[in-house]
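Welcome, and please open your viewer for a short guided tour. Keep a selection box handy, and pause at each stop before moving on.

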Amino acid sequence: MQQDYRLIRVTVTGGVCRATIDHPPINLLDVALMNEIVRLNREVAADDDVRVLVVDSADPEFFIAHADVGMIMDLPVDDTGLHDELSPFHAVMETFRTLPKATIAVIEGICRGGGSEWAMAFDMRYAALDKAIFGQPEVAMGIIPGGGGTQRLPRLVGRGRAMEVILGGMDVDAATAEAWGYIDRALPPDRLRRFVDKLARRIASYPQSAITNAKRAVDAALSNELGTGLRIEDQLFREALAQPEARRRLQTVIDAGAQTREFELGDPRRNT
């Protein structure tokens, strides 16, 4: 991957790309940052050495403050009809969501508006207890979330809680966000990065084809009835099973004594 980003610090180690947002003073989601996110998405997708993307912030008080209000006000308002295609912002978020690599957001501070909507497009979200704050304040400004918030949030937390967040316009702390499913875990600040780093390294040790197919299969559950989802899972399972690396790993496990009592009751640290 190229390294000449201005607003994102990018490093790649052991199959994990860490992208640190560094856009003072508040990590505003403006046109410049959006352009770098588009580029990051494109380069991560094309880099065979990257299997996991971790995004965090250089500022512990802000993940993404919100979308640039000036950018929003510059959007055209002469066309209010229903479009057949996604808006540019939605298209960026969907391209990010469907990235064939695992994506993890590490959120230590404020994550509102467009920042919250971007976070919801990640595969996994982990936040710092007593520090991270989430919210969708758009309705108080006379608009509504326009980056997927009204669509992704109900899928995560349910209709009533989504209404509380969107209509109430109040902040949601990390502990509540975890309890509701807004994020996956809220961890003490001193444990957050250690947990994510360990998880990212673990995922990065797996074959890329298995990661990609697992993401596609899980997403099929959200957009299909059960029978269709099961058929898609079956097709993706067979596709993964046909990969030489999968055959090698399965044989390695058998050769190591898998399916014996001693192996299955072995070192519990294998799964931690």
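Which residue forms a salt bridge with arginine 18? Select arginine 18 together with aspartate 197 and you have the pair, with the closest N and O atoms 2.2 Å apart. Arginine 18 belongs to strand E2, while aspartate 197 sits in helix H8 (residues 189-204), so what you see is a link between distant parts of the chain, 179 residues apart. Please keep in mind throughout that this is a predicted model.

**Stop 1: around the first pair**

Stay on aspartate 197 for a moment: its relative accessible area is 23%, which means that this residue is partly exposed. Now add Asp56, Glu108 and Arg193 to the selection. With Arg18 and Asp197 they make up one network, joined by salt bridges that share partners.

**Stop 2: the sheet**

Switch to a cartoon view and color the strands. Six of them form an open sheet, in the order E1-E2-E3-E5-E7-E10, with mixed pairing. At the edges you will find strand E1 (8-13) and strand E10 (185-187), each of which pairs on one side only. Looking across the sheet, the twist from one strand to the next averages 20 degrees.

Next, select strand E2 (residues 16-21) and strand E3 (residues 52-57), which pair in the parallel sense over six bridges. Within this pairing, threonine 20 has aspartate 56 of E3 as its bridge partner. Aspartate 56 may look familiar, since Asp56 is also in the salt-bridge network with Arg18.

Are the residues of E3 buried or exposed? Six of its six residues are buried. Show the side chains to see both faces covered: Val52, Val54 and Asp56 lie on one side, and Leu53, Val55 and Ser57 on the other.

**Stop 3: strand E7 and its neighbors**

Move on to strand E7 (residues 124-128), where five of the five residues are buried. Met124, Tyr126 and Ala128 point one way from the strand, whereas Arg125 and Ala127 point the other way.

E7 has a pairing to inspect with each of two strands. Strand E5 (residues 102-107) runs parallel to E7 and is joined to it by four bridges; here isoleucine 107 stands opposite alanine 127. E10 also pairs with E7 in the parallel sense, over three bridges, and leucine 187 of E10 is the bridge partner of alanine 128.

**Stop 4: further salt bridges**

How many salt bridges does the structure hold? There are 16, and two further examples deserve a close look.

Select aspartate 4 and arginine 39, whose side chains meet at 2.6 Å, N to O. Aspartate 4 is in the segment before E1 and arginine 39 is in helix H1 (residues 31-46), so this salt bridge ties together parts that are 35 residues apart in sequence. The two ends differ in their cover: aspartate 4 counts as exposed because its relative accessibility is 52%, and arginine 39 counts as buried because its value is 16%.

Then select arginine 152 and glutamate 94, another salt bridge, at 2.5 Å from N to O. Arginine 152 lies in helix H5 (residues 149-157) and glutamate 94 in helix H3 (residues 88-97), so the pair connects parts 58 residues apart in sequence. Arginine 152 has 13% relative accessibility and therefore counts as buried, while glutamate 94, at 24%, is partly exposed.

**Stop 5: a nonpolar patch**

Turn on the molecular surface. Which residues make the nonpolar surface patch? Select Ile72, Leu75, Met141 and Ile143 to highlight its area of about 390 Å². Of these, isoleucine 72 is in helix H2 (residues 69-73). The relative accessible area of isoleucine 72 is 34%, so this residue is partly exposed.

**Stop 6: helix H11**

For the last stop, go to helix H11 (residues 244-255). From its first C-alpha to its last, this helix of 12 residues reaches 16 Å, close to the 16 Å expected at 1.5 Å a residue. Try coloring by position along H11: an α-helix has 3.6 residues a turn, so residues three or four places apart point the same way. Finish by selecting glycine 257, which follows H11 and has a positive phi, near 100 degrees.

Terms used. Residues numbered from 1 in each chain as written. Predicted model: local features only at pLDDT ≥ 70, side-chain atom pairs only at ≥ 80, totals over all residues. Heavy atoms only, no water. Expected span 1.5 Å × (residues − 1). Patch = residues over 30% accessible without salt bridge, like charges linked within 9 Å, V, L, I, M, F, W, Y side chains within 5 Å. Areas by Shrake-Rupley, 256 points an atom, 1.4 Å probe, with all protein chains shown as cover. Salt bridge = Lys/Arg side-chain N within 4 Å of Asp/Glu carboxyl O. Buried < 20%, exposed > 50% of the residue type's maximum accessible area, 1.4 Å probe, protein only. Pairing = 2+ DSSP bridges. Axes fitted to C-alpha atoms, helices over the stretch in contact; angles between N-to-C directions.
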